[in-house]
Amino acid sequence: MEILLIGSGAREHALAWKLSQSRHAERIFVAPGNGGTASISNCKNVLIAADDLAELRRFANESEVDLTVVGPEVPLVAGVVDEFVADGLQIFGPSKAASQLEGSKAYSKAFMNRHGIPTGWAEVFTDFESAADFVHDLDVLPVLKASGLAAGKGVLLPTSHYEAVEQLRVMMVERRFGDAGTTVLIEERLQGPELSILAFCDGHDIRLMPAAQDHKRLLDGDGGPNTGGMGAFAPSPLATQELLEEAERTVLRPALAGLASEGSPYKGVLYAGLMLTELGPRVLEFNCRFGDPEAQVILPLLRSDLVELMQACIQGTLAQNEPDWSQDSAVNVVMASGGYPEEYETGMRISGLPEGSVNDNGPYVFHAGTKLDKSSPASDSSNEKVFLTDGGRVLSVTATGTDFAKAVKEAYRAVDHIAFEGAVWRTDIGLNAAQQ
């Protein structure tokens, strides 16, 4: 099969690596890809932006692509699946209508309320003055959320009512998140540990993946600003069989049934971000794709053929496909540029990377914001390539082990071998799991 993979982050490197192991994958085009995807033997980067739907559609038709896999949320929300389906092209991901579960938090909250899916209360505002007045009248501190796509950075946790109003001003008046912040949710601040539950979906059936826990804050001990994710581990010790059954019964299946009843059957990966409160699981958000960095700890645990699972989702035959998962533990540590998630410099030389592509026996170094240094003579050699930093999150380092203590040790041992100027990472990813 000729496969087109859309995206350029560590999630896409992990997807390309796993797809390349399929007996069906002859060649994988990655649009636009990164330095890591360029190093996989049967992968080729193509210079098409992930949000250039017309060019992606043209390329898929002209290259006779058999399967397209969509990594990031932006093209999904923009309707890439609908456009490909209109041309009779096989594509893995939810439709534009179904993707509004992630594309609009206002829509998602209303959808959950319509279908009795447990979540916190929220009020939606498009006017700054009205939102500020509402905050002033609250007895408790809320969570503020930009309704649109904000690359994982549109959730703010004010420490005072005054700060909440100033953060609303930044979102709604100063437009820090662009159009994503023109509509804002003022939402109940739930308490408890967070859990990411992802599932393969074929429109009417689901298959759960190992539950993961993400670390959104930049600094150790969950300090500093929110980021796109600084690391993750799976399977979470919090995800007991009883909890997984409850989440499937009260969250995932009602969401699938609700979308189908509203004419938008969901096919692809459905991601429920949960908070485990004293009253039970509550949905913080839905995402319409693999998480990043959750994908980097889930995919190394998958033993089944990913292409076959994706085709089962597209064709509605998931009931006949039970994924096979390793019983190992997986831990991921993100190495980021200094200054992330605000302003940062790029173009720093990366040293200490393992030779070749991803080591199939681990640790796995998935590239996020990297590019090949084509000016370096070494990059002309197939045995030695020079990589430069090219983004905020640069590398995503994953290790597996028979328990979390071993996985944590191996992940940080791999991190310690890698260096680039200004590199930052958390030193406490997975430690709580290792101590349980």
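The following exchange examines how several assignments in this predicted model follow from their definitions.

User: Under what conditions are values reported here?

Analyst: The model is predicted, so local features need pLDDT of at least 70 and side-chain atom pairs count only at pLDDT 80 or more, while totals for chains, interfaces and linings use all residues. Residues are numbered from 1 along each chain as its sequence is written, and side-chain values use heavy atoms, with hydrogens and water left out.

User: Why is Arg 289 called buried?

Analyst: Buried means under 20% relative accessible area, exposed over 50%, and partly exposed in between, with a 1.4 Å probe and protein chains only. Arg 289 has a relative accessible area of 11% and is therefore buried. Arg 289 sits in the loop between strand E17 (280-287) and helix H10 (294-298); helices (H or I, at least four residues) and strands (E, at least two) are DSSP runs numbered from the N terminus.

User: What makes the pairing of Arg 289 and Glu 102 a polar contact?

Analyst: A polar contact is a pair of N or O atoms within 3.5 Å; within protein, one must be able to donate a hydrogen and the other to accept it, and residues adjacent in sequence count only if both atoms are side-chain atoms. The side chains of Arg 289 and Glu 102 are joined at 2.6 Å, so the pair satisfies the distance limit of 3.5 Å.

User: Which residues are in contact with Arg 289, leaving aside neighbours within four places in sequence?

Analyst: Contact means heavy atoms within 4.5 Å. Among the partners of Arg 289 are Arg 11, Glu 73, Leu 198, Tyr 266 and Tyr 271.

User: How do you know that Cys 201 and Cys 288 are not in disulfides?

Analyst: A disulfide is a pair of cysteine sulfur atoms within 2.5 Å. The closest cysteine sulfur to that of Cys 201 is in Cys 313, 6.9 Å away, which is too far for a bond. For Cys 288 the closest is that of Cys 201, at 11 Å, again too far. The structure holds zero disulfides. Both cysteines are buried, Cys 201 with a relative accessible area of 1% and Cys 288 with 2%.

User: Why are Glu 64 and Arg 175 placed in separate accessibility classes?

Analyst: Glu 64 has a relative accessible area of 63% and so is exposed, whereas Arg 175, at 36%, counts as partly exposed. Glu 64 lies in the loop between helix H2 (53-62) and strand E4 (67-70), and Arg 175 in the loop between helix H8 (161-172) and strand E9 (184-187).

User: What makes the backbone of Glu 64 and Arg 175 notable?

Analyst: Most residues other than glycine have a negative phi, and most peptide bonds are trans. Glu 64 has a positive phi of about 50°, and the phi of Arg 175 is near 60°. As for peptide bonds, the one from Ala 31 to Pro 32 is cis, with omega near 0°, and a cis bond also joins Ala 234 and Pro 235, with omega about -5°.

User: Why is helix H11 (residues 306-315) described as largely enclosed?

Analyst: Eight of the 10 residues of H11 are buried, so the rest of the structure largely encloses the helix. The buried residues include Leu 306, Met 310 and Cys 313. Their cover includes strand E1 (2-7), helix H1 (10-20) and strand E16 (267-277). At the start of H11, a side-chain oxygen of Asp 305 comes within 2.9 Å of the backbone nitrogen of Val 307.

User: What makes a space in this structure a cavity, and how many of 30 Å³ or more are found?

Analyst: On a 1 Å grid over the protein atoms alone, a cavity is a set of points where a 1.4 Å probe fits but cannot get out, and lining residues have an atom within 4 Å of a point. A volume is the space filled by probe spheres set on the points, with grid points joined across faces, edges and corners. The search finds two cavities of 30 Å³ or more. The largest holds about 60 Å³, and helix H6 (105-114) supplies the largest share of its lining, four residues. The second largest holds about 40 Å³, and its lining includes Cys 288 and Arg 289.

Notes
On a 1 Å grid over the protein atoms alone, a cavity is a set of points where a 1.4 Å probe fits but cannot get out, and a pocket is an open set with protein on both sides within 12 Å along at least five of seven lines; lining residues have an atom within 4 Å of a point.
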